[in-house]
Amino acid sequence: MNRTTISLIAGTAALAAITGLASLTTPGASGADTAKAAAELPVERTTLLCPQPSTSDLADTSYTSFTPVTKGTGSDGAAQLQSATEQSADGTGDSGKTDGKTDGKANGKKSGKKKAGKPKADKPVLTPKEPGKPVTGDTSGADTPALVGTAEGRFAPGWAVQETTEVAAGTGRGLQGVNCTAPDTEFWFPGASTDAARTDYVHLTNPDDSAAVVDIELYGKDGALKSTVGEGITVAPHSTDPVLLSTLTDEKQTDLTVHVNVRSGRVGAAVQALDDKVGGDWLAASTDPAGSLVLPGIPKDATDVRLIAFTPGDADADLKLRLASPSGQITPAGNETLHVKAGMTTAVDLGPVTRGEAGSLVLTPTDKSVPVVAALRVVRGKGDKQETAFIPATSPVGTRATSADNSGKGTTLSLAAPTRTAQVKVTASAGSDGGTAVSKTYTIKAGTTQDIDAPVPSGLQGTYALTVEPLSGGPVYAARTLAATEEGVQGFTVQTLPDDRGTVAVPEADEDLSVLQK
């Protein structure tokens, strides 16, 4: 066989740093050789997408942007967060809700014809001034658009933006929060619903100059729900398309798994789950399918916890359920294991599983490892004062993770070390309006979850960011709960904190990489 060698030298390193490629290795190289050749460099560009926050006239939304200080960055760079429709060269875009109507063709595809977007003159636009200090912006009402953000240079590594919305009354009332995320090509959302009491949208935001084509698949308790309406959805350049799930199927199902698959292009995706009686929140995507999963940060006063799981492959999954509590891992009474049939969404009520203590749910295979995705629906309060949030399975913190929007009294930071004891440094940034950064180090014992007494900036004014950095030991999983009381109802929202991907492993400039073509 003929072999052609292509030499990739310093240009490869530059490309990786710009695009955020995870790693580059030489075919056939040993692990030791790869370690010598690789260097961790800050990424040079980051794109984040924030979904349209609400259609309620009673909605008040805040955005908080933060970039942690990263060694190795230069002095140049900028970041900006602005309306998705403003990004369009020809002014086209759409921030209205999609009702699932089609163009009348047999294939059920949407026509893709959208009205030109009219950006609000007073829409929130954030322009961070310096790394290490958060910047905030506020807006209100039903016509706040989706936002697209780009950070370059010293603002790119670890850039985090939090969208937080308070809805005073009506469907989905309470506190809703979501981390603005990078665009991607595949997402899994276990925990969605088409129940009569639920109004769930999957928000699709396209940051690019060309249209994206997306398929939305729904899986219920008996398998895939038949629907052609979710096939070939066109998301116009620089626009957002919130798709109402109940328009994709006539079936009313309490628990659904939504699979978003992008045929061409890339999008940001998140599910907004609104309930008539128990408020609502954003459901972020589960981490990629895996045999073992961690769902961190269940509030200690949760009155009801429901686990929703799905396996996308052809094999059933049998999982062990363990709760990582402050004293170690315990088995939830009556829920030692869970059987998940292939291609079917499975749900189980765990009740008030934390019983007044911090907790994280750990899922591991009983025997054969089968990839699954999972999420928790968490309820706090009782009667007409109930409020809902979601916790998807997440990847570990890795090198560093950040929660951008925090308040001194309303923030709870949960850290879990399911396998080995870990040391973790937590830094509270300077406040958005004043204050001095403070850091503390914590030890999280193996098999436990701790709601730590997180640091607060001295002389705090405004909001602040919390940055989590594991120092030694096993993998750490983290989640931040933000709470606020509105008319006697304690609203809350939970965001997991996976690695911020602020650095990328690239080969040293003097190393020669070869790609072998056979």
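How many of the 518 residues of this chain count as buried? The answer is 52%, and I would like to keep that figure in mind while we walk through a predicted model from its overall make-up down to single residues.

Let me begin with the confidence of the prediction, since it tells us how to read the rest. The chain averages a pLDDT of 86, and 83% of the residues score at least 70. There are two stretches to treat with care: over residues 1–35 the pLDDT is below 50, although this stretch still has 55 contacts in the model beyond near neighbours in sequence. Over residues 87–124 the pLDDT is also below 50, and here the model shows 76 contacts beyond near neighbours in sequence.

Turning to the architecture, the secondary structure comes to two helices and 39 strands. If we take the contacts between residues at least 6 apart in sequence, 82% of them join residues that are at least 24 apart. As for the surface, the chain exposes about 21500 Å², of which carbon and sulfur atoms supply 48%.

Now to some particular places, and I will start with the disulfide, of which the structure holds one. Cys50 and Cys180 form this bond, with their sulfur atoms 2.0 Å apart. The torsion about the S-S bond of Cys50 and Cys180 is about 110°, and the disulfide is therefore right-handed. Which parts of the chain does the pair tie together? Cys50 lies in strand E3, residues 45–50, while Cys180 lies in the loop between strand E9 (174–179) and strand E10 (186–192), so the pair ties together parts that are 130 residues apart in sequence. Cys50 counts as buried because its relative accessibility is 0%, and Cys180 is buried as well, with a relative accessible area of 7%.

Next come the aromatic rings, where a search of the whole structure finds three aromatic pairs. In one of them, the rings of Tyr219 and Phe310 have their centres 4.8 Å apart and their planes at 40°, so the pair is tilted. Tyr219 belongs to strand E12 (residues 212–220) and Phe310 to strand E20 (residues 302–310), which means that the pair ties together parts 91 residues apart in sequence. Are these two residues buried or exposed? Tyr219 is buried, with a relative accessible area of 17%, and Phe310 counts as buried at 1% relative accessibility. Ring pairs also bring in Trp188, linking Trp188, Tyr219 and Phe310 into a cluster. Elsewhere on our tour of rings, Arg380 lies over the face of Phe492, at 4.8 Å from the ring centre.

I would now like to look at two buried strand residues and ask what surrounds them. Thr64 lies in strand E4, residues 59–66, and Thr64 counts as buried because its relative accessibility is 1%, where the cut-off for buried is under 20%. Leaving aside neighbours within four places in sequence, Thr64 is in contact with several residues, among them Leu126, Pro134, Ala160, Ala404 and Thr463.

The second is Ile298, which has its place in strand E19, residues 293–298, and which is buried with a relative accessible area of 2%. Beyond the neighbours within four places in sequence, the contacts of Ile298 include Val305, Leu323, Ala358, Leu361, Leu376 and Ile391. It is also worth finding Asp451 on the model, for the C-alpha atoms of Ile298 and Asp451 are separated by 9.8 Å, while the two residues are 153 apart along the chain.

Finally, let me point to two residues in loops that deserve a look at their backbone. Phi of His238 is near 50°, a positive value in a residue other than glycine, and His238 is found in the loop between strand E14 (233–235) and strand E15 (239–244). Phi of Arg355 is likewise near 50°, again a positive value in a residue other than glycine, and Arg355 sits in the loop between strand E24 (346–351) and strand E25 (359–365). Where do these two stand in terms of burial? His238 is buried, with a relative accessible area of 5%, whereas Arg355 is exposed, with a relative accessible area of 68%.

Key:
Residues numbered from 1 in each chain as written. Predicted model: local features only at pLDDT ≥ 70, side-chain atom pairs only at ≥ 80, totals over all residues. Heavy atoms only, no water. pLDDT = per-residue confidence, 0-100. Contact = heavy atoms within 4.5 Å. Helix = DSSP H or I, 4+ residues; strand = E, 2+ residues; numbered from the N terminus. Buried < 20%, exposed > 50% of the residue type's maximum accessible area, 1.4 Å probe, protein only. Areas by Shrake-Rupley, 256 points an atom, 1.4 Å probe, with all protein chains shown as cover. Phe/Tyr/Trp six-rings, centres within 6.5 Å; stacked < 30°, edge-to-face > 60°. Lys NZ or Arg CZ within 6 Å of the ring centre and 35° of its normal. Disulfide = S-S within 2.5 Å.
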